[in-house]
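Got your viewer open? Let's take a walk through this model together, one selection at a time.

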Amino acid sequence: MNEQPLTLDVLLERGGLRRGARVAPEPGGLSCDGVDFPWSDVFFVSRRAGMLLLFGSGGALVARGPADALDRLDGWVGKAVDQSELRRRLVRQLGHEVVLFTAGCTVQGRLDGQPVRGLYVAAATRRGLHLVSGREQWILTWPVDRVRRRLARQGAPGGDALLLARGESELQLRYLFPEEIIALSTAARRAPPPRAGGGTSLELFRRADVAPPPPADLPEFSRAAASLPAVAERAAANVPADLQVRALMPPDFFDLHFRELGETVLGPLLVRKSAARGAAGLRPAVDALNAAGLAEDTRAAIDTATERTLSAYDEQLDRLLAMRRGPARVEREARIDAAARQFLHERLQAPFERLWARFEGLEEQEERLVALLDAVQEGPPGEDDAELGEAAAEWRATLDRLDGGCEAAWRELVEEVEKTWSTDFLPRLARVATLEVDELPEWIKLAALGLLTLFIAAALVILVIR
């Protein structure tokens, strides 16, 4: 759209009041001082006295200004958004109910014990008042106990207010036209007509249509990762120094080795934690921290850590064998056989297998939480989600305990690796390292032996000739 921008006072429900804001249409939405209001999010448009209201799933926008400027803005909206289809959608979703009017307004008060305040689409029917925003949806059913019209001062913004009250519920609506106030006042006092065929009233929207998903709000979940450097350093310090010297080990070998193992073993936890923290809501965070997937990934990581430990030993053994030569029996004894390799693997897996056994119930918690999340997102925005909150809190608390469990399992695993090096691998390497060094290469020895043999043969020939 190539249009000259307008200068209007704009209230963004989630961005505050902007006086003299620069408003211009863009292909994807309305730009207000660089803040975009996507056309695809719009679910209702309402023109009030001196204002134009746009309701979107991410919040509402109110533009105030001269009539000609609002006419231009209304024209931009009309080209980008099918307002007739939006209104038909509201009416269709109300189904069998007779719709008296739909309008944008401000609401303040309490309903069913909960505070209600802000900008809403009001859909009045013969059965009740539906209030819908990008965050939530409420329904006040007829009849109410009190209806009062509060007259505004001459020229006051918003015009007359309408008060509707029943018991502890009390709502005040502003920015309604006089004819809308009269229609609402009349309908609110009457009992609704019998419903044909029974059933319950239809909801305008699912919660997923008009409200953001529940946030993940994950715990810190960092104890296991934070412990990695200290645990690796302590394990390296526990390896006997005299054995390291006798085995001719590189001085920084164990510092690097234990840190590498920690990054390998805790890698799945860190990757899934990162994915969960970047998730747009609680549901994808639960999927990212899936207990079964985390357990399976960790088992694979320990397989890798076991192979890396064994290959590190093999590399050191091959280095020493290249420097020292001894009987073939020494090399055979120094090699780790298949049974010992499998035993090491089982010892390293054991701490985490015990951990997963302790947290078997985490999968059930996840299934319950996902079911509640789906039910709440499919239900109306104003539906009570206390059970969901309890399930989410229980899941988060279990994750926090799992973090501590991973830290303990990692400590136990690295102790097993340190013990293996100290009591088995290093003594094997030390025996190889202390073998006598063969200074001359094999080809020189063979050549010398050949020359010696030739010399002896020549001497024998000379003796025979004499």
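A quick word before we start: helices (H or I, at least four residues) and strands (E, at least two) are DSSP runs, numbered from the N terminus. Keep in mind that you're looking at a predicted model.

**The whole chain.** Show everything as a cartoon: the protein chain has 14 helices and 14 strands. Of its 466 residues, 43% are buried. The chain exposes about 23900 Å², and carbon and sulfur atoms supply 54% of that. Take the contacts between residues at least 6 apart in sequence: 65% of them join residues at least 24 apart.

**The seven-stranded sheet.** Next, pick out the open sheet with the strand order S4-S3-S2-S1-S7-S6-S5, where the pairing is antiparallel. Its edge strands are S4 (35-38) and S5 (42-48), each pairing on one side only. Turn the view a little: from one strand to the next, the twist averages 30°. In general, strands of a sheet pair through backbone hydrogen bonds, either parallel or antiparallel.

Now select residues 6-12 and 59-64. These are strands S1 and S7, running antiparallel and joined by four bridges. Leu12 stands opposite Leu61 in S7.

Move on to S5, an edge strand. Is S5 mostly covered or mostly open? Mostly covered, with six of its seven residues buried. Strand S6 (residues 51-56) runs antiparallel to S5, and six bridges join the two. One bridge to find pairs Arg48 with Met51 in S6. S5 and S6 form a hairpin with two residues between them, and in the turn Gly50 has a positive phi of about 75°.

**Three spots in the loops.** Select Trp142 and Pro143. A cis peptide bond joins them, with omega about -5°. You'll find Pro143 in the loop between strand S11 (137-141) and strand S12 (146-150).

Then jump to Tyr175, in the loop between strand S14 (169-174) and helix H3 (178-188). Its phi is near 70°, a positive value in a residue other than glycine. Tyr175 has 18% relative accessibility, so it counts as buried, the cut-off being under 20%.

Leu248 also has a positive phi, near 55°, and is a residue other than glycine. Look for Leu248 in the loop between helix H6 (241-246) and H7. Is Leu248 buried or partly exposed? Partly exposed, because its relative accessibility is 34%, which lies between the 20% and 50% limits.

**The nonpolar cores.** Which residues have the most contacts inside the largest nonpolar core? Select Phe258 and Trp421: they are the ones, in a core of 69 residues. Several helices each supply at least two residues of this core, including H7 (253-277), H9 (291-323) and H13 (386-433). H13 gives the most, with 19 residues.

Zoom in on Trp421 and show what surrounds this side chain. Leaving out residues up to four places away in sequence, Trp421 touches a set of residues that includes Met249, Phe253, His257, Tyr313 and Pro427. Apart from this core lies another, of 25 residues, among them Val147, Leu162, Leu184 and Ala188.

**Last stop: cysteines.** Select Cys32, which is buried, with a relative accessible area of 1%. Cys406 counts as buried too, at 3% relative accessibility. How many disulfides does a search of the whole structure find? Zero.

Key: Residues numbered from 1 in each chain as written. Predicted model: local features only at pLDDT ≥ 70, side-chain atom pairs only at ≥ 80, totals over all residues. Heavy atoms only, no water. Core = buried A, V, L, I, M, F, W, Y, C linked by side-chain atoms within 4.5 Å. Buried < 20%, exposed > 50% of the residue type's maximum accessible area, 1.4 Å probe, protein only. Contact = heavy atoms within 4.5 Å. Disulfide = S-S within 2.5 Å. Areas by Shrake-Rupley, 256 points an atom, 1.4 Å probe, with all protein chains shown as cover. Pairing = 2+ DSSP bridges. Axes fitted to C-alpha atoms, helices over the stretch in contact; angles between N-to-C directions.
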